[in-house]
Amino acid sequence: MKKNRVSAPCTVLLTIINVVVFSLLTLQGMTEDGMFLLEHGAMYVPRVIQDGEYYRFFTSLFLHFGFEHLMNNMVTLVLIGWNLESEIGKVKFLLIYILSGLGGNFLSAWYEVLKDDYSISAGASGAIFGVIGALLYVTMRNRGRIGEVSGRRLAFMIIISLYYGFTSSGVDNLAHIGGLVTGFAAGVLLYRKRNSKDRTVS
């Protein structure tokens, strides 16, 4: 008899990495300080353009402005990421996560260049919005629901989150939108609906 195990190792690993990075930086300085995070890999377009520090598109995904910022993102990552990874698989999930984070940073950077107004940014929320976007597509392909997750609830969550971002200061809304769109598009390209036999325990 084959045992069906639902696990999400990449979701757990990403959460651990974010927490460990935050903990190590907290021992060295103030994570709420933009200049401190800048010296440890936060996103800042002038540094990217003038100094060629392109790695910031990636490293900024694992930095957070304070404990509350970290916890909000990690709770969402665990709740949403677990569902997506269990459905789509480890490699595809990780690909969606990274691409969405990069997509969010690219859109945000493009807009900052366009308006010539720059700020230091960091956080996993662009990648997490991408996970939400991909899971929304997955639910759409499965008659609006995957397990306990419904497409309507995800859509409501997206609307509320974006509304909060646009009505609050210090929130990188373009990174959220860029991550969301990238994640949804990646879901379209990568997700293949399982047949009924794949979902049963024999």
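Which residues form a positive surface patch here? Four of them get named: Arg 141, Arg 143, Arg 192 and Lys 193. Before I go on, keep in mind that this is a predicted model.

Let me stay with Lys 193 for a second. If you're looking for it in the structure, go to the segment after α9, the helix that runs 173-190. Lys 193 is partly exposed, and its relative accessible area is 43%. Now, a residue needs over 30% to go into a patch, so Lys 193, at 43%, clears that bar.

Okay, on to salt bridges. The count for this model is 4. I want to walk you through a group that hangs together: Glu 39, Arg 47, Glu 53 and Arg 56 are linked in a network of salt bridges.

Start with Glu 39. Its side chain meets that of Arg 47 in a salt bridge, at 3.0 Å from N to O. Arg 47 also has a salt bridge with Glu 53, and there the closest N and O atoms are 3.8 Å apart. The cut-off is 4 Å, so that pair at 3.8 Å still counts. Then Glu 53 carries us on to Arg 56, where the two side chains meet at 2.6 Å, N to O.

So how buried or exposed are these residues? Arg 47 is partly exposed, at 21% relative accessible area. The line for buried is under 20%, so Arg 47 at 21% doesn't make it into that class. Glu 53 does: it's buried, with 16%. And Arg 56 is buried too, with a relative accessible area of 2%. So if you follow the network from Arg 47 through Glu 53 to Arg 56, you read 21%, then 16%, then 2%.

One last stop, and this one is about a polar side chain. Asn 105 sits in helix α6, which covers residues 90-115. Is Asn 105 buried or exposed? It counts as buried, with 8% relative accessibility. What does its side chain meet? A polar atom of the Asn 105 side chain lies 2.7 Å from the backbone oxygen of Phe 57.

That's my tour, so let's open it up for discussion.

Note on methods. Residues are numbered from 1 along each chain as its sequence is written. This is a predicted model: local features need pLDDT of at least 70, side-chain atom pairs count only at pLDDT 80 or more; totals for chains, interfaces and linings use all residues. Side-chain values use heavy atoms; hydrogens and water are left out. Patches are made of residues with over 30% relative accessible area and no salt bridge: like charges are joined within 9 Å, nonpolar side chains (Val, Leu, Ile, Met, Phe, Trp, Tyr) within 5 Å. Accessible areas come from the Shrake-Rupley method with a 1.4 Å probe; for residues, only the protein chains shown count as cover. Lys and Arg count as positive and Asp and Glu as negative; His and the chain ends are not counted. The place of a charge is taken as NZ of Lys, CZ of Arg, CG of Asp or CD of Glu. Helices (H or I, at least four residues) and strands (E, at least two) are DSSP runs, numbered from the N terminus. Buried means under 20% relative accessible area, exposed over 50%, partly exposed in between (1.4 Å probe, protein chains only). A polar contact is a pair of N or O atoms within 3.5 Å; within protein, one must be able to donate a hydrogen and the other to accept it, and residues adjacent in sequence count only if both atoms are side-chain atoms.
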